[in-house]
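Good morning, and thank you for coming. Please look at the sequence and the structure, which I shall now put on the screen.

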Amino acid sequence: MYAKFWKRLIDFTLSILGLVILSPILLLLVIIGAVKMKGNPFFVQLRPGLVDPKTGQERIFKLIKLRTMTNEKDKDGKLLPDEKRLTAYGRFLRSTSADELFELVNIIKGDMSIVGPRPQLVRDMVFMSEEQRKRHSVRPGLTGLAQCNGRNNMTWEQKFEYDLQYISKITFLGDLKIMFQTVYKVFKRDGINEEGMDTAMDFGDYLLKKGAIGQDYYDAKQQEAKELVKHL
């Protein structure tokens with residue numbers, strides 16, 4: 001009953017309250033972000049969400065975040081590496097998870113839940129096994145079991161194990177525990193990035209680096225991801 005009905009009602013209610021209570025902070029972050037990023041303070045990215053029962057495929061939605069990186073490019077017009085575009089202000093947003101606050105809008109819209117598997121990139125999804133993609137049988141979350149057990153400082157396999165563990169038994173007390181553990185993690189600023197990296201490595205890059213897949217397979221899956229979002 002909780003997972004099928006009450007969870008969505010609680011998500012909607014708490015997200016509305018959250019936006020109202022945090023509105024002064026959110027407005028301030030938007031203003032500062034517009035100045036620091038010299039323009040649009042928002043970052044919108046396509047992410048796979050809950051599986052559509054009609055098509056059997058993940059619904060692709062637009063995730064809303066505050067920008068943490070500039071759009072600086074090299075002489076050839078290509079974006080600079082993440083570590084060069086990630087600003088001090090951006091690092092602050094990530095360390096406090098303040099860049100995630102506007103995902104409350106996604107929760108209100110029904111794209112996400114407060115607690116659930118974190119929505120990964122479309123180019124991560126195409127590399128997931130059928131078992132791993134079962135994580136999309138529930139709405140993705142603002143936080144999840146993986147986040148309160150290490151955030152980004154764990155392997156992809158560990159993240160998916162936690163996601164599958166979460167969807168196997170969704171309870172109110174379980175969600176409440178994850179929320180409190182996440183707040184504790186955020187205040188500790190623990191496990192924000194992979195060790196030695198400014199941003200987390202994509203799943204496909206991770207598999208390629210460890211030798212689990214070949215370059216041809218990698219290239220084919222990257223093209224598949226591009227096709228999935230081409231007309232969205």
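Let me begin with a definition: a salt bridge here is a side-chain nitrogen of Lys or Arg within 4 Å of a carboxyl oxygen of Asp or Glu. Please also keep in mind that this is a predicted model.

With that definition, the count comes to 15 salt bridges. One of them is formed by Asp-175 and Lys-7, whose closest N and O atoms are 2.7 Å apart. Asp-175 belongs to helix H7, residues 172-188, while Lys-7 belongs to helix H1, so this pair ties together parts that are 168 residues apart in sequence. Are these two residues buried or exposed? Both Asp-175 and Lys-7 are buried.

A second salt bridge joins the side chains of Arg-123 and Asp-202, at 2.5 Å from N to O. This pair also links distant parts of the chain, 79 residues apart: Arg-123 is in helix H5, residues 122-125, and Asp-202 is in the loop between H7 and helix H8, residues 203-209. To compare their surroundings, a cut-off is needed: buried means under 20% relative accessible area, and exposed means over 50%. Asp-202 has a relative accessible area of 15%, so it counts as buried. Arg-123, with 34%, is partly exposed.

A third salt bridge brings together the side chains of Lys-230 and Glu-227, with 3.0 Å from N to O. Glu-227 is partly exposed, because its relative accessible area is 40%. Which residues are joined by salt bridges that share partners? Lys-65, Asp-99, Glu-100, Glu-103 and Arg-118 form one such network.

I turn now to the strands. Strand E1, residues 42-51, and strand E2, residues 58-66, run antiparallel and are joined by eight bridges. Two partners can be located on the screen: Arg-47 is matched with Phe-61 in E2, and Pro-48 with Ile-60 in E2. The two strands form a hairpin with six residues between them. In the turn, Gly-56 has a positive phi of about 75 degrees.

That brings us to backbone angles. Most residues other than glycine have a negative phi. Which residues here have a positive phi without being glycine? Lys-38 is one of them, with a phi of about 55 degrees. Lys-38 sits in the loop between H1 and E1, and it counts as exposed because its relative accessibility is 79%. Ser-97 is another, with a positive phi near 65 degrees. Ser-97 is found in the loop between helix H3, residues 88-96, and helix H4, residues 103-109. In contrast to Lys-38, which is exposed, Ser-97 is buried, because its relative accessible area is 17%.

Next, the surface. Phe-12, Leu-14, Ile-16, Leu-17, Val-20 and Ile-21 form a nonpolar patch there, with about 550 Å² of accessible area together. Let us take Val-20 as an example: it lies in helix H1, residues 2-36. At 58% relative accessibility, Val-20 is above the 50% cut-off, so it counts as exposed.

Finally, a word on confidence. The protein averages a pLDDT of 91, and 94% of the residues score at least 70. Where does pLDDT stay under 50? It does so over residues 192-198, for which the model has 17 contacts beyond four places in sequence. Thank you for your attention.

Methods:
Residues are numbered from 1 along each chain as its sequence is written. This is a predicted model: local features need pLDDT of at least 70, side-chain atom pairs count only at pLDDT 80 or more; totals for chains, interfaces and linings use all residues. Side-chain values use heavy atoms; hydrogens and water are left out. pLDDT is the predictor's confidence in each residue, from 0 to 100. Contact means heavy atoms within 4.5 Å. Patches are made of residues with over 30% relative accessible area and no salt bridge: like charges are joined within 9 Å, nonpolar side chains (Val, Leu, Ile, Met, Phe, Trp, Tyr) within 5 Å. Accessible areas come from the Shrake-Rupley method with a 1.4 Å probe; for residues, only the protein chains shown count as cover. Helices (H or I, at least four residues) and strands (E, at least two) are DSSP runs, numbered from the N terminus. Buried means under 20% relative accessible area, exposed over 50%, partly exposed in between (1.4 Å probe, protein chains only). Two strands pair if DSSP finds at least two bridges between them.
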